[in-house]
Amino acid sequence: MSRSDLRQYLFATRIDPNEIRDRQQKIYAGLQTHSPYLADRRFLLLEEDLAWLFDQYDTAFFAGQCRGCLGGTPLEFRVSSRMTSAGAKTSRHRNPHTGQDLKYEIAVALTLLRQTFQTEVDREIKVTGLVCHDRIEALQRVFEHELIHLIEMLVWDVSNCSAERFQALALQFFGHTGHQHTLVTPREVFRLQGMRPGTMVRFTFEGRTHVGRINRITKRASVLVEDPEGVPYSDGRNYTKYYIPLNMLEPVT
Ligand SMILES: [Zn+2]
């Protein structure tokens, strides 16, 4: 199989949105059976889980054409604990002299998936424009995104997820409506750990920016903003109280 076969397949294939969801859910269920330890609180993700995912996706969505197009070029998988902002990364290694493909690699950011859905960060998580309810769904969306990167590299050499062709393919095969993620990053956790009663914060509420002091933190923070029209407090000043999700607060230094 050649790149023109895969290209032809991409042009010729249209999958009904319900059918897309169906296939994604079958892989979801399969992954839970194949890798039961993914449901563990620690989210133990292994390279072989990614290899398994690749085979499932390639079979269910691309009729095995990705593997076919790779030919003898190795595709390796890596679980990265160092990646702290990108959800995953697909790269191609080439011989600098001959230009020949040596290998492809898909690396998935473990830290981001692990921190999502289990820390104090309680907010909606979207990956590729789709709401995710657990880490396995987030992993699938991230992985699907990387598959499109791989396919673009195989067929067109270059891949760019902010470009139209990528987004059209991601929508066509996986129903993706975006190309970014809102997984919990170490920076976000770090920032939230710095939020405690007394911290001065800035936030936007109904289009206006306010500065105030955190009064109390639960799933949201109550923030007291000085306001002559507000309620009098024991320090002799008047405040209005706002309840704001933690991720919408910026510390003021
Ligand atoms: Zn991308």
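**A walk from the sheet to the zinc site**

Okay, let's start with a pair of strands: strand 7, residues 208-217, and strand 8, residues 220-232, run antiparallel and are joined by four bridges. Before I go on, please keep in mind that this is a predicted model.

Staying with that pair, there are some cross-strand partners you can look up on your screen. Arg216 sits opposite Ser222 of strand 8. Ile217 faces Ala221, again in strand 8, and Ile214 has Val223 of strand 8 across from it.

Now let's step outward on either side. Strand 8 is also joined to strand 9, residues 238-245, by nine bridges, and these two run antiparallel as well. Here Ala221 turns up again: its bridge partner in strand 9 is Ile244. So much for the strands themselves; what about the stretch in between? The hairpin of strand 8 and strand 9 has five residues between the strands, and Gly236 there takes a positive phi near 90°.

Going the other way, strand 7 pairs with strand 6, residues 200-205, through six bridges, antiparallel once more. Arg202 has Val211 of strand 7 as its bridge partner. This hairpin has two residues between its strands, and Glu206 is the one with a positive phi, near 45°.

Let's put the sheet together. In what order do the five strands of the open sheet come? The order is 9-8-7-6-10, with antiparallel pairing. Strand 9 and strand 10, which is 250-251, are at the edges; each has a single partner strand, so one side of each has no neighbour in the sheet.

While we're around here, let's look at some rings. The whole structure holds 13 aromatic pairs. One of them is Tyr233 with Tyr239, an edge-to-face pair with 5.3 Å from centre to centre and 90° between the planes. Are these two tyrosines buried or exposed? Tyr233 comes out partly exposed, at 31% relative accessibility, while Tyr239 is buried, at 12%.

Next, helix 6. Its residues are 135-156, which makes 22 of them, and from first C-alpha to last it reaches 31 Å, close to the 32 Å expected at 1.5 Å a residue. How much of helix 6 is buried? The count is 21 of its 22 residues, so the helix is largely enclosed by the rest of the structure.

Both ends of helix 6 are worth a click. At the start, Asp134 has a side-chain oxygen within 3.1 Å of the backbone nitrogen of Ile136. Just after the helix, Asp157 takes a positive phi of about 75°.

And that brings us to the metal. Which residues coordinate the zinc ion? His145 and His149, each through NE2, and Cys161 through SG, at 2.1 to 2.4 Å. If you prefer to find them in the sequence, the spacing is H-x3-H-x11-C.

Why are the two histidines about one helical turn apart? Because they are four residues apart in helix 6. An α-helix has 3.6 residues a turn, so residues three or four places apart point the same way. Both histidines are buried, too: His145 has a relative accessible area of 8%, and His149 is at 12%.

Back to rings for a moment, since there is also a cluster. Tyr9, Phe54, Tyr57, Phe61, Phe62, Phe77, Phe143, Phe173 and Phe174 form one aromatic cluster. One member, Phe61, has Arg23 over its face, 5.8 Å from the ring centre. Elsewhere, Arg165 lies over the face of Trp156, at 4.2 Å from the ring centre.

One last stop, and then you can have the mouse back. Arg94 belongs to strand 2, residues 88-94. It counts as partly exposed, at 35% relative accessibility. Arg94 and Tyr104 are 10 residues apart in sequence, with 8.9 Å between their C-alpha atoms.

So, if you want places to go back to: the five-strand open sheet in the order 9-8-7-6-10, helix 6 with 21 of its 22 residues buried, and the zinc ion with His145, His149 and Cys161. That's the tour.

Definitions and conventions. Residues numbered from 1 in each chain as written. Predicted model: local features only at pLDDT ≥ 70, side-chain atom pairs only at ≥ 80, totals over all residues. Heavy atoms only, no water. Donors = N, O, S within 2.8 Å, 3.2 Å for Na, K, Ca; no water. Buried < 20%, exposed > 50% of the residue type's maximum accessible area, 1.4 Å probe, protein only. Phe/Tyr/Trp six-rings, centres within 6.5 Å; stacked < 30°, edge-to-face > 60°. Lys NZ or Arg CZ within 6 Å of the ring centre and 35° of its normal. Expected span 1.5 Å × (residues − 1). Polar contact = N/O pair within 3.5 Å; in protein donor to acceptor, adjacent residues only side chain to side chain. Pairing = 2+ DSSP bridges.
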